[in-house]
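Visitor: Could you walk me through this model and tell me how each label is earned?
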Amino acid sequence: MQTRLVSSALLALAVLSSGCMTGSYLRRGDAAYAAGNPEEALRYYEQVNRRSDEFRADPVFQERLRHIRMDVLVTQGRRDLTARSWDAAIAKFDGALALSPSFESAVRLRAEARRGAADEALERALQAADRNQLVEAGRFCDRGLAYLPDHTGLQRAKASLTAANHSADEAAGLARAAEFANGQRWREAEASLAAVLELNPYQLTARARLSAARGKLAEELRLLGVAQAQLRRGDLAAAEKQLADLRRQFPHNEEAKALAADLGARLGEARNLIASARQAERDGRPGLALLRLQTAREFWPLGVEDKELARLQGVLLQLYPVRLAWEAQGPGADLLRGPLGAKLKQPPKSDQEAFVLVLQVARGGSRTEQVGSEQLQHSFTTRQIQPNPELPQIQHLVEIRRLEERAARQRYDEAVRDLRRAEHQIPPHDPQRPATLQRLEQRMRQAGDNLRRAEREMEHALHRLRTTSPHVEVVMTQILPYMQHTVRKTYDLSLVATMRFAGENVAGPVDFARSVVSEDREIQGANPALGLPEDRLQLASDAELAAGAAEVLAKDAAEWARSVAAEAWILQLEASAAELERQGLPDDAVELRLAAQTHRQQSGR
């Protein structure tokens with residue numbers, strides 16, 4: 001009650017001495033503070049304090065202003081505390097304590113802010129140590145201790161940076177870890193450092209060394225993974241180099257030792273096979289060289305290139321080619337000799353050739369037949385110039401409009417004459433004069449309207465007459481039926497193929513036949529004058545059809561001949577190889593078997 005009376009007295013004094021504006025600020029500040037908004041209340045009270053000397057000298061108002069300033073600083077400090085802005089929060093709480101050193105809330109919150117800043121500094125110091133940045137970790141420790149000198153974690157972390165402060169167990173663990181690291185035993189070093197951190201989780205030196213040890217382990221795993229991937233790809237040379245680098249950096253990695261031993265055995269076997277393959281080729285045995293390269297590739301997939309295998313296969317194909325000749329007989333042989341020679345690219349039969357393709361070609365013939373008829377329609381358009389049928393009607397309409405206009409003009413002239421006569425003949429004092437003149441004027445106006453309407457209709461009729469053409473074009477579409485016949489000409493050619501070797505049949509006889517077709521259409525009932533031109537038959541000649549049939553038939557016979565000759569030659573090579581093995585000549589047998597294998601691969605068998 002006393003505070004309210006003082007406020008009322010101050011408000012009365014503000015109104016009397018400083019004007020209504022100061023009183024308005026004071027009332028707004030009181031309302032804002034009562035609504036729980038001390039920051040807004042402080043803005044209004046500061047305005048009052050600046051504007052009024054009486055309030056600046058009033059101790060009651062100044063005390064209230066001091067309390068509101070304290071409330072605002074604590075409120076802002078709480079926000080900074082929630083946002084983890086420790087320095088800003090501490091500054092706000094220090095400002096509140098400067099106004100009231102015994103403000104318990106500000107004391108408690110400032111201690112909380114200092115604790116938060118110290119904890120965050122410790123967390124960052126540990127993170128810096130995990131990154132092996134001990135100098136930066138020491139700076140974070142110093143910063144945290146400046147906030148809270150008795151922080152146990154920071155004290156232990158700061159002390160761990162100096163070897164003299166290490167406990168006996170910590171020093172022993174760090175010494176063991178250093179010994180393991182010098183011997184590149186990073187897993188043992190990691191275990192020793194982890195044991196030290198179990199004793200003292202704030203041991204920054206151990207954290208930094210553990211980070212370095214784990215980095216080495218990660219690099220060790222990376223190099224091992226690269227080597228394993230290279231082994232899976234078959235790149236043994238790259239894997240050998242990678243494993244050598246890995247063992248040089250990490251000599252105690254047992255998995256790398258096992259991989260290197262297995263890799264060395266595989267590479268040694270593959271390199272020996274490659275060397276023996278080169279020697280076999282120099283000795284004139286390309287088949288044996290190919291066999292050893294294929295075996296070496298099973299050990300070392302990327303050690304033998306495809307082009308090297310293809311080169312040796314090409315040598316075998318040249319040494320043991322499929323010898324094929326041909327001859328064409330029969331009435332139609334001349335048709336087939338040219339295309340067959342182009343397809344087989346072999347000379348005709350000679351005594352030195354092993355396989356002979358014999359073709360008995362029958363005489364070809366053609367037949368022509370009508371295979372379809374279709375009734376169609378051709379539409380055409382005709383145009384004629386005729387007199388305009390509307391012109392007489394328009395001329396008749398013009399005459400009617402002219403007569404109507406003449407009659408309307410006569411009625412109008414009569415109405416005007418009757419009105420003028422009445423104006424002169426009816427005495428001015430006659431009581432019927434006004435009514436009579438009004439009736440005659442109305443009649444004249446109506447006659448004038450009728451005259452103007454008749455003139456407009458007359459003008460419209462004359463316009464239609466002037467714009468109407470005396471002639472018109474008449475367009476008519478007519479239909480012309482006609483027949484379209486489809487004619488087909490077919491040429492048939494056939495042959496019998498036989499494959500012989502040493503005078504005996506190897507395959508066949510096999511029949512081949514091909515038909516080549518030429519089609520065209522002709523029109524029955526054509527009329528060029530009406531836009532339907534004649535379409536005469538244009539079928540291919542017998543010579544053209546015979547050449548087409550011979551081309552296709554030669555392709556079929558050539559493919560069959562290559563396939564049959566290759567299969568027969570492969571069987572001969574394999575049989576010869578088996579015979580050489582029985583005779584105790586395995587190296588010679590290998591040459592023939594590899595030649596047969598190459599022919600099978602080339603033919604896709």
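Guide: Here is a short tour of the overall make-up, one glycine, one helix and the cores.

Guide: The model is predicted, so local features need pLDDT of at least 70 and side-chain atom pairs count only at pLDDT 80 or more, while totals for chains, interfaces and linings use all residues. Residues are numbered from 1 along each chain as its sequence is written, and side-chain values use heavy atoms, with hydrogens and water left out.

Visitor: How many helices and strands are there in the protein?
Guide: There are 21 helices and 5 strands; these are DSSP runs numbered from the N terminus, helices being H or I with at least four residues and strands E with at least two.

Visitor: Why is G183 called partly exposed?
Guide: Buried means under 20% relative accessible area, exposed over 50%, and partly exposed in between (1.4 Å probe, protein chains only). G183 has 29%, so it counts as partly exposed. You'll find G183 in the loop between α10 (168-182) and α11 (186-199). G183 and F250 are 67 residues apart in sequence, yet 9.2 Å apart in space, C-alpha to C-alpha.

Visitor: How do you know that the span of α13 agrees with what a helix should give?
Guide: The expected span is 1.5 Å times one less than the number of residues. For the 14 residues of α13 (residues 236-249) that should be 20 Å, and the end C-alpha atoms are 20 Å apart, so the two agree.

Visitor: What puts the buried residues of α13 on the same side?
Guide: The buried ones are L236, A239, Q242, L243 and L246. They cover an arc of only 120 degrees around the axis, so they sit on the same side of α13; the arc is that of the directions from the helix axis to the C-beta atoms. They pack against α12 (204-233), α14 (254-282) and α15 (286-299), with contact meaning heavy atoms within 4.5 Å. The face turned away from that buried side carries exposed K241 and R248.

Visitor: What makes a set of residues a nonpolar core?
Guide: Its members are buried Ala, Val, Leu, Ile, Met, Phe, Trp, Tyr and Cys residues joined through side-chain atoms within 4.5 Å. The largest one here has 43 residues, and L336, F355, L357, L359, L495, M499 and W560 touch the most other members. Helix α20 gives the most to this core, with 18 residues. Apart from it lies another core, of 39 residues, among them V196, A227, A277 and W300.
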